[in-house]
Amino acid sequence: MAVPGSSRVYFGSTVAYNTSRSAPLLCGDRQLHETLMRLTGSEEDVLGSSVDADENLSDEATQYIRKKIASTRETAIAYCKHTNTDFVIVEGGATGPTFNPKDLTTGFAVLAVAGRQTDHSEPELLAQTIVYSDTADREANMRLYADSAAELCSEVLSRKPSDASTRHVSVDNTVTAENYQDCFDRSSHLRSDESVMNEMQNDANAKHVVLRGTDQVLFASKDQLLLPTYADLNEDRALLNDIQGAVLKRIFVGRLGSSQTPIFALALPEDTEVQSHEAHFANTRSHGAFLNPIHNELAMTATALVNWQKSNKYCPVTGTPLEYIHGGTCARSTNTEDRPVLHWPRQDPSIIVLVENQASTHALLARSPRHPSYLYTCIAGFVEAGETFESAVLRETNEEVGVTVDDDSIQYIYSQPWPFPRSCMIGMHARAREIGLPSINIDPNELVDAQWFDKEVIYQATVETDRLGAVMDPKVVEDQKAKGLWGGKLLVPAKGVLARTLIDKWLN
């Protein structure tokens with residue numbers, strides 16, 4: 001968005017009513033621009049809106065929030081009209097860590113949804129809400145606002161037709177970070193404090209990311225983990241025999257929410273069962289992508305820590321057994337003659353790259369032996385010692401599919417932890433050097449197949465993937481096939497997986 005505390009560098013709604021130069025960004029709507037320029041934050045500005053600033057705020061803060069209420073309302077309606085879309089959502093607020101007015105110390109956002117009741121009706125305001133945070137943390141607030149925007153959109157879209165005639169409908173006026181358990185703090189500075197670790201271990205409110213073996217996590221729903229307390233775990237009789245010893249070995253993950261609730265990873269045996277009808281274990285690799293961002297990060301972190309401990313029992317320097325300290329996040333050799341050696345969890349960098357042809361009409365996707373017959377994804381491979389990410393892209397694409405990429409075209413996109421067992425995926429984009437569709441020569445030891453797929457074909461595959469769900473789980477797709485709900489040949493990774501992010505970015 002912008003440099004923290006510097007709203008004027010971002011040409012968005014904030015600038016719209018601070019400078020006349022932003023007029024072209026408002027769909028060229030001179031009337032809208034003039035309306036926004038006239039806003040003063042008075043009661044008149046919020047007439048017709050279902051929300052208003054909290055009455056406990058100062059006059060200056062109240063005026064500031066009221067201007068956001070009016071500007072998001074007017075801008076949402078105008079954009080919906082000019083872009084001829086079914087609905088538009090607009091956000092205006094402050095994320096932190098600095099604020100103007102000065103007496104604002106935590107973030108807020110005003111969200112407005114405008115839409116059309118019928119194909120031929122004029123746009124109108126369908127919903128508006130104010131989201132109040134209890135933190136000045138920019139990242140946490142942006143996550144909160146995004147979650148709140150999704151909730152508001154879902155609420156609007158789920159209304160029955162009879163509800164659609166009501167104008168200016170609002171949801172709960174105040175949404176806090178605690179509602180969304182939005183702040184995940186790894187609290188690395190506390191790990192070495194034994195007294196603090198003991199205190200959090202004994203905290204009755206501490207919650208747990210529960211693992212079965214090393215690749216399954218306890219889910220409450222498709223997009224939420226079940227995070228039980230120790231008392232909750234004891235209520236499930238099926239778990240009683242498994243949790244007693246496991247609790248003594250649990251690993252500190254961090255603290256969650258504004259209440260800073262301690263979170264631990266709890267590893268249970270592979271044959272563990274739960275009695276709860278609401279809870280179920282699911283494979284983290286195939287189902288983790290469907291978790292909300294915070295719970296996904298918790299699941300990935302817990303999985304990485306548990307895998308690390310299970311695969312590191314002895315010190316590679318001294319050969320002595322390892323003991324785990326700092327809440328289980330650090331390993332120490334138990335030799336007595338020399339100074340103990342410390343070890344920490346590691347991640348191995350791996351590149352994953354979407355390669356396109358020079359005309360950007362096709363992308364190169366491949367299938368490895370571990371993937372189902374229908375699932376194609378981007379080229380990937382480990383970064384070797386002494387190798388740059390860019391060099392790894394050149395080498396892996398040449399080794400695995402015999403295609404040479406233009407080294408000047410290689411770009412970094414995103415990264416993603418992938419603790420299966422301990423990778424960090426580095427997402428890249430590259431373009432083939434040869435004109436046309438370069439010939440493919442796969443390495444049979446690495447891949448089963450690789451093809452150049454047309455952009456429209458890949459787009460249709462993303463649509464089908466989104467409809468089917470967890471396509472990395474063969475059982476899910478086979479079930480759809482058996483019901484006659486899918487008979488295609490190509491699917492791609494689900495949203496939330498880095499390979500899919502690269503694909504979507506290319507499609508867009």
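**A walk through the pockets, sheets and last helix**

Let's start inside: sorted by class, the residues lining the largest cavity come out as 2 nonpolar, 3 polar and 1 charged. The residues behind that tally are Asn307, Trp308, Ser311, Asn312, Pro421 and Arg422. The space they surround comes to about 30 Å³, and a search of the whole structure turns up 1 cavity of 30 Å³ or more. Keep in mind as you look around that this is a predicted model.

Now step back and take in the whole protein. You'll count 13 helices and 19 strands, and there are 508 residues, of which 48% are buried. How are the contacts spread along the sequence? Taking contacts with a separation of 6 or more, 65% of them link residues 24 or more positions apart. As for the outside, the accessible surface is about 25,600 Å², and carbon and sulfur atoms own 48% of that area.

Next, the largest pocket. It holds about 1,100 Å³ of space, and 42 residues line it. If you want to centre your view there, go to Asn292, Pro293, Ile294, Asn296 and Glu297, the lining residues that lie nearest the middle of the pocket. Which elements build the wall? α4 (138-157), β8 (251-256), α9 (293-311) and β17 (411-418) each put in at least two residues. The largest share belongs to α9, with 10 residues of the lining. By class, the wall of the largest pocket has 19 nonpolar residues, 14 polar ones and 9 charged ones.

On to the strands, beginning with β6, residues 216-221. Here's the general idea to carry along: strands of a sheet pair through backbone hydrogen bonds, either parallel or antiparallel. β6 pairs with β5 (residues 207-212) in the antiparallel sense, over 2 bridges. In that pairing, arginine 212 sits opposite glutamine 216 of β6. The hairpin of β5 and β6 leaves 3 residues between the strands, and glycine 213 takes a positive phi there, near 70 degrees.

β6 has further partners to trace. Strand β10 (residues 280-283) runs antiparallel to β6 and is joined to β6 by 4 bridges. Glutamine 216 turns up again in this pairing, standing opposite asparagine 283 in β10. Then there's β7 (residues 224-225), also antiparallel to β6, with 2 bridges between them. Phenylalanine 219 has leucine 225 of β7 as its bridge partner. β6 and β7 make a hairpin too, with 2 residues between them.

Elsewhere, look for an open sheet of 3 strands, ordered β11-β12-β13, with antiparallel pairing. Which strands sit at the edges? They are β11 (322-325) and β13 (342-343), each of which pairs on one side only. β12 (residues 330-333) and β13 are antiparallel and share 2 bridges. Arginine 332 faces leucine 342 of β13.

Let's finish with helix α13. Why is this helix largely enclosed by the rest of the structure? Of the 10 residues in α13 (residues 498-507), 8 are buried, so the helix is largely enclosed. Those buried positions are Leu498, Ala499, Arg500, Leu502, Ile503, Asp504, Trp506 and Leu507. What provides the cover? The elements over the buried residues of α13 include β14 (348-356), β15 (362-367), β17, β18 (423-431), β19 (449-454) and α11 (455-468). You've met β17 already, as one of the elements lining the largest pocket.

One residue of α13 is worth zooming in on: aspartate 504, which has its place in this helix. Is aspartate 504 buried or exposed? Buried means under 20% relative accessible area, and aspartate 504 is at 16%, so it counts as buried. Leaving out residues up to four places away in sequence, aspartate 504 touches Thr462 and Lys495. For a sense of how the chain comes back on itself here, tyrosine 459 is 45 residues from aspartate 504 along the chain, with 8.4 Å between their C-alpha atoms.

Key. Residues numbered from 1 in each chain as written. Predicted model: local features only at pLDDT ≥ 70, side-chain atom pairs only at ≥ 80, totals over all residues. Heavy atoms only, no water. Buried < 20%, exposed > 50% of the residue type's maximum accessible area, 1.4 Å probe, protein only. Contact = heavy atoms within 4.5 Å. Areas by Shrake-Rupley, 256 points an atom, 1.4 Å probe, with all protein chains shown as cover. 1 Å grid on protein atoms, 1.4 Å probe; cavity = no way out; pocket = protein on both sides within 12 Å on 5 of 7 lines; lining within 4 Å. Points joined across faces, edges and corners; volume = space filled by probe spheres on them. Nonpolar A, V, L, I, M, F, W, Y, C, P; charged D, E, K, R; others polar. Pairing = 2+ DSSP bridges.
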